Amino acid sequence: MRYVVTGAAGFIGSHLLEMLVELEHDAVGWDSFTDFYDPALKEENARGLPVERVDLAEDALDLSGVDGVFHLAGQPGVRSFGGVFPVYVRQNVVATQRVFEAAVAAGTRTVFASSSSIYGDAAAYPTTEDTTPRPLSPYGITKLACEHLAHAYRQAFGLDAVVLRYFNAFGPKQRPDMAFAKMTACLAAGRPFEVYGDGTQSRSFTYVDDVVVATLLAMEKGRSGVVYNVGGGVEVSLLRAIETLGAIAGRRVEFVRSPRVDGDVARTSADTSRIHADIGWEATTPFEEGLEAQWRWAADRVAAA
């Protein structure tokens, strides 16, 4: 099969493209190598993979002959208030609209990576896909706008699209602004980790290999026009994660407290009954096993440096 992965030099995108190549698909990645974090890290992620430099918001997008596009590209991060908002509109909404236009023109099936951030502080936990979305950050707002675009393009032009709401992916190559990437890097370097808020905030942390499997299955089996949660099997607080990492590494994770970040939710917890019923997916990697893999990756990087 012929596939395109957008955001292929990012955390999840690079894992997904690597898996497609290993499965011997004709796959290519598109990435604009933005500077949200050090582009050198993205270059490292893309090394050895067929990744082309493409700006989805500006460049011509041709999906002719492509069986499926995995649209994972976007401007991430809940710290998205203020002057950076136009960047989120461009990189998320405008770029996604242009991908959908290209997919409709080519008749290409699309899997769009949305986010649990669209729920905000959800009305109930575990949270089902039918929960009314109330995003608390411009990031979440733009991701929800992209979901509405997918629905609109399906209704008006027959876009064949599946929407996945990722819940807090973690693992090797995680973005350096994310909690576990910071935590493991600080521990490996002997620096204190900064905890925003009281540390009781909890998440459906989902190991990246499980996210990749869900994404591949969604392309193969997901119902067009349907939204699926992709979340870990257990909910873990930040304080518990700190304790777990300390046990894995054999030493205490030192941390300092800072004020809670605007736009950060207190809790995420995914109801994954729909994706399990439709395509047979569930997270299988134990939290401790996934965190150990991320720790070993981070420790090896520090040792190599």
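**Exercise 1. Determine whether Lys-173 is buried or exposed, and describe its surroundings.**

Step 1. Lys-173 has a relative accessible area of 15% and is therefore buried; buried means under 20% relative accessible area, exposed over 50%, and partly exposed in between (1.4 Å probe, protein chains only). The model is predicted: local features need pLDDT of at least 70, side-chain atom pairs count only at pLDDT 80 or more, and totals for chains, interfaces and linings use all residues. Residues are numbered from 1 along each chain as its sequence is written, and side-chain values use heavy atoms, with hydrogens and water left out.

Step 2. Place the residue in the chain. Lys-173 belongs to the loop between strand 7 (169–170) and helix 5 (179–189). Helices (H or I, at least four residues) and strands (E, at least two) are DSSP runs, numbered from the N terminus.

Step 3. Inspect the backbone. Phi of Lys-173 is near 75°, which is a positive value in a residue other than glycine.

Step 4. List the neighbours. Apart from residues within four places in sequence, Lys-173 is in contact with Phe-11, Ser-14, His-15, Glu-18, Asn-45 and Trp-297. Contact means heavy atoms within 4.5 Å.

Step 5. Examine charge and polarity. Although buried, Lys-173 has no salt bridge; Glu-18, the nearest side chain of opposite charge, is 4.1 Å away. Here Lys and Arg count as positive and Asp and Glu as negative, while His and the chain ends are not counted. A salt bridge requires a side-chain nitrogen of Lys or Arg within 4 Å of a carboxyl oxygen of Asp or Glu. The side chain of Lys-173 does make a polar contact of 3.0 Å with that of Ser-14. A polar contact is a pair of N or O atoms within 3.5 Å; within protein, one must be able to donate a hydrogen and the other to accept it, and residues adjacent in sequence count only if both atoms are side-chain atoms.

**Exercise 2. State which elements the buried residues of helix 3 pack against, and check the span of the helix.**

Step 1. Helix 3 (residues 85–106) has 22 residues, which at 1.5 Å a residue should span 32 Å; the end C-alpha atoms are 31 Å apart, in agreement. The expected span is 1.5 Å times one less than the number of residues.

Step 2. Identify the buried positions. They are Tyr-88, Gln-91, Asn-92, Ala-95, Thr-96, Val-99, Phe-100, Ala-102 and Ala-103. An α-helix has 3.6 residues a turn, so residues three or four places apart point the same way.

Step 3. Find the packing partners. The buried residues of helix 3 pack against strand 4 (68–71), strand 5 (109–115) and helix 4 (138–157).

Step 4. Follow the chain onward. After helix 3 comes Gly-107, with a positive phi near 65°. The C-alpha atom of Gly-107 is 8.7 Å from that of Gly-158, 51 residues apart along the chain. Gly-158 is in the loop between helix 4 and strand 6 (161–166) and is exposed, at a relative accessible area of 54%.

**Exercise 3. Compare the surroundings of two salt bridges, Arg-90 with Glu-58 and Arg-203 with Asp-264.**

Step 1. Arg-90 and Glu-58 meet in a salt bridge of 2.8 Å, N to O. This pair links distant parts of the chain, with Arg-90 in helix 3 and Glu-58, 32 residues apart from it, in the loop between strand 3 (51–53) and strand 4.

Step 2. Arg-90 is partly exposed, with a relative accessible area of 26%, and Glu-58 is exposed, with 55%.

Step 3. In the salt bridge of Arg-203 with Asp-264, the closest N and O atoms are 2.8 Å apart. This pair also links distant parts of the chain, 61 residues apart: Arg-203 is in strand 9 (residues 202–203), and Asp-264 in the loop between strand 13 (255–258) and helix 8 (273–279).

Step 4. Arg-203 is buried at 9% relative accessible area, and Asp-264 is buried at 17%.

Step 5. Set these pairs in context. The whole structure holds 15 salt bridges.

**Exercise 4. Describe the overall fold in terms of its elements and dimensions.**

Step 1. The protein has 9 helices and 13 strands. Its radius of gyration is 18 Å, close to the 19 Å that the globule rule gives for 305 residues, so the protein is as compact as a globular protein of that length. The radius is taken over C-alpha atoms, and the rule is 2.2 Å times the number of residues to the power 0.38.

Step 2. The C-alpha trace spans about 55 × 45 × 40 Å along its principal axes. Of the 305 residues, 54% count as buried.
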